Amino acid sequence: MDNEFAPDLITLVDDENNEHNFEILAEIEDERGRFYALYPVFDNPEDAVNDSGEYYIMEVIEEDGEEQLATLEDEALADEL
């Protein structure tokens, strides 16, 4: 039997070239733009237990013809999303 449910995972690279893995919880698109709700994925179960449980809202932007994710600076919009 195939497992039809598998999380959508994405790897982001920060400014210091460190890789961070996230699960895409939701994709939100409206007249204000396109956004992802991301939750960190941990290799070590202990890290997951000690995590704050915080998720991140990232904005999808197009730069040089490529889609990239950027930190959402508008806190009111992040709270609304």
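This report walks through the salt bridges and the largest pocket of the structure above. Keep in mind that the model is predicted.

**Salt bridges**

Let's start with charge pairing. Side chains of opposite charge can pair when their charged atoms come close. Here, the structure holds 4 salt bridges, and the table shows three examples with their closest N and O atoms.

| Acidic partner | Basic partner | N to O distance |
|---|---|---|
| Glu 27 | Arg 34 | 2.8 Å |
| Glu 80 | Arg 32 | 2.7 Å |
| Glu 67 | Arg 34 | 2.9 Å |

Arg 34 turns up twice, once with Glu 27 and once with Glu 67. Glu 67 sits in strand E5 (residues 66-71) while Arg 34 belongs to strand E3, so their bridge ties together parts that are 33 residues apart in sequence. With these shared partners, Glu 27, Arg 34 and Glu 67 end up joined into one network.

How open to solvent are the acids in that network? Glu 67 has 51% relative accessibility and counts as exposed, because the cut-off for exposed is over 50%. Glu 27, at 47%, is classed as partly exposed.

Then there's the bridge between Arg 32 and Glu 80, with its closest N and O atoms 2.7 Å apart. This pair links distant parts of the chain: Arg 32 is in the loop between strand E2 (19-30) and strand E3 (33-40), whereas Glu 80 is in helix H2 (residues 75-80), and the two are 48 residues apart. As for accessibility, Arg 32 comes out at 35% and is partly exposed, while Glu 80 is exposed with a relative accessible area of 58%.

**The largest pocket**

Now for the pocket. The largest one has a volume of about 380 Å³. Which residues lie nearest its centre? Out of 17 lining residues, those are Tyr 56, Ile 57, Met 58, Thr 71 and Leu 72.

Where does the lining come from? Strand E1 (9-13), E2, strand E4 (56-63) and H2 each supply at least two residues. E4 provides the largest share of the lining, with 3 residues.

What is the lining of the largest pocket made of, by class? There are 11 nonpolar residues, along with 4 charged and 2 polar ones.

Helix H2 links the two topics: this helix holds Glu 80, the partner of Arg 32, and also supplies at least two residues of the lining of the largest pocket.

Technical notes
Residues numbered from 1 in each chain as written. Predicted model: local features only at pLDDT ≥ 70, side-chain atom pairs only at ≥ 80, totals over all residues. Heavy atoms only, no water. Salt bridge = Lys/Arg side-chain N within 4 Å of Asp/Glu carboxyl O. Buried < 20%, exposed > 50% of the residue type's maximum accessible area, 1.4 Å probe, protein only. Helix = DSSP H or I, 4+ residues; strand = E, 2+ residues; numbered from the N terminus. 1 Å grid on protein atoms, 1.4 Å probe; cavity = no way out; pocket = protein on both sides within 12 Å on 5 of 7 lines; lining within 4 Å. Points joined across faces, edges and corners; volume = space filled by probe spheres on them. Nonpolar A, V, L, I, M, F, W, Y, C, P; charged D, E, K, R; others polar.
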